[in-house]
Amino acid sequence: MSRLPHPTAAHDPGSSGGAPVVRRRPRRRAALAAATAGLAALAVGTPVAYATLGTGSSADARPAAAAQGKAYIETRLFFGTERPHGGPDVTDRQFLAFIDAEVTPRFPNGLTIQDGRGQWRDSNGVIERERSYELTLLYPVSEARLRDPQIERIRNAYEKAYAQDSVARLEERTTADF
C-alpha cells in the first residue's frame, strides 16, 4: 500500500530524502480571511458601541440617530392615586376618563401612559407610597409657549378633581425623529 502525499504537500527541493513538506497556505489564507472578516465586523460595530456608550462629552451623550431628529420638549407628569384626606383611590377607569377629557383634546397627536409606584415625603415628614401614572407628552420646541398653559390646566384639573396636593412636572429638551 503506497502512501500518497496530502494534496497540499510538495517536495522540498532542498531536501535529499524527498520527504513531503506540507504547506498550509490555503489553511493560513482561510484563517487570515476569517480573522480579517472578524476584525472588519468589529470595526463596523465599534462606532455603534461608541455612539451608544459615549466618551463622556456632551456630544457623545446622544445616540447617533437622534442627531437626525428635530428639537422637541418631553414633558412628563406624575399623577398620584391616593387621596390625602382619605377616600377611595383614583381608579384606572377614572384616570383614563380624565385623560380622555383633559389631555387628549390638548394633545391629540399622541401621548404615553405608564403605570408606576411613587414615593414622597408629606408635610408631616411621613414617607407616602402610592400607585401612580406617568404621562409623557412630546411636542416641538416651537410649540412650548402654547403648550405650557395647557399642561398647567391639566395639572390643576387633576389636583382639583382628585384632591391631590400636586402633580409633578418634569421637562427636558430632546430630539426626536418619527
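Partly exposed here means a relative accessible area between the buried cut-off, under 20%, and the exposed one, over 50%. At 36% relative accessibility, Asp148 therefore counts as partly exposed. Keep in mind that this is a predicted model.

**Salt bridges**

Asp148 is a good place to start. Its partner is Arg169, with the closest N and O atoms 3.0 Å apart. Asp148 sits in helix α4 and Arg169 in strand β6 (residues 168-176), so this pair links distant parts of the chain, 21 residues apart. Arg169 is partly exposed too, at 24% relative accessibility.

Asp148 and Arg169 also belong to a network of salt bridges that takes in Glu152, Arg155 and Glu171. Within that network, Arg155 pairs with Glu152, the closest N and O atoms being 2.9 Å apart. Both of these residues lie in helix α4, 3 residues apart, or about one turn of the helix. Their surroundings fall on either side of the cut-off: Arg155 is buried, with a relative accessible area of 17%, while Glu152 is partly exposed at 24%.

Over in the strands, the side chains of Arg76 and Glu134 meet in a salt bridge, 2.9 Å from N to O. Arg76 lies in strand β3 and Glu134 in strand β5, so the pair ties together parts that are 58 residues apart in sequence. Glu134 is buried, with a relative accessible area of 18%, whereas Arg76 is partly exposed at 23%. The structure holds 8 salt bridges, and here are the ones just described:

| Pair | Closest N and O atoms |
|---|---|
| Asp148 and Arg169 | 3.0 Å |
| Arg155 and Glu152 | 2.9 Å |
| Arg76 and Glu134 | 2.9 Å |

**A buried glutamate with no salt bridge**

What about Glu130, found in strand β5 (residues 127-140)? Glu130 is buried yet has no salt bridge, and the nearest side chain of opposite charge, Arg117, is 8.3 Å away. A polar atom of the Glu130 side chain does lie 2.8 Å from the backbone nitrogen of Glu82, though. Glu82 is also one of the residues in contact with Glu130 once its neighbours within four places in sequence are left aside; the others are Gly80, Thr81, Gly116, Arg117, Gly118 and Trp120.

**Helix α3 and the core**

Which residues of helix α3 (residues 92-103) are buried? They are Phe95, Phe98, Ile99 and Val103. These four cover an arc of only 105 degrees around the axis, which puts them on the same side of α3. Look at the other side of α3 and you find Arg93, Asp100 and Ala101, which are exposed. The buried residues pack against β3 (70-80), β4 (112-121), β5 and α4 (144-161).

In soluble globular proteins, nonpolar side chains tend to be buried together. In this model, the largest nonpolar core has 19 residues, and Phe79, Phe98, Val103 and Tyr158 are those with the most contacts inside it. At least two residues of this core come from each of β3, α3, β5 and α4.

Phe98 turns up both on the buried side of α3 and among the core residues with the most contacts. Not counting residues up to four places away in sequence, Phe98 touches Phe79, Val103, Ile154, Ala157, Tyr158 and Tyr162.

Note on methods:
Residues numbered from 1 in each chain as written. Predicted model: local features only at pLDDT ≥ 70, side-chain atom pairs only at ≥ 80, totals over all residues. Heavy atoms only, no water. Buried < 20%, exposed > 50% of the residue type's maximum accessible area, 1.4 Å probe, protein only. Lys, Arg positive; Asp, Glu negative; His and termini not counted. Salt bridge = Lys/Arg side-chain N within 4 Å of Asp/Glu carboxyl O. Polar contact = N/O pair within 3.5 Å; in protein donor to acceptor, adjacent residues only side chain to side chain. Contact = heavy atoms within 4.5 Å. Arc of directions from axis to C-beta. Core = buried A, V, L, I, M, F, W, Y, C linked by side-chain atoms within 4.5 Å.
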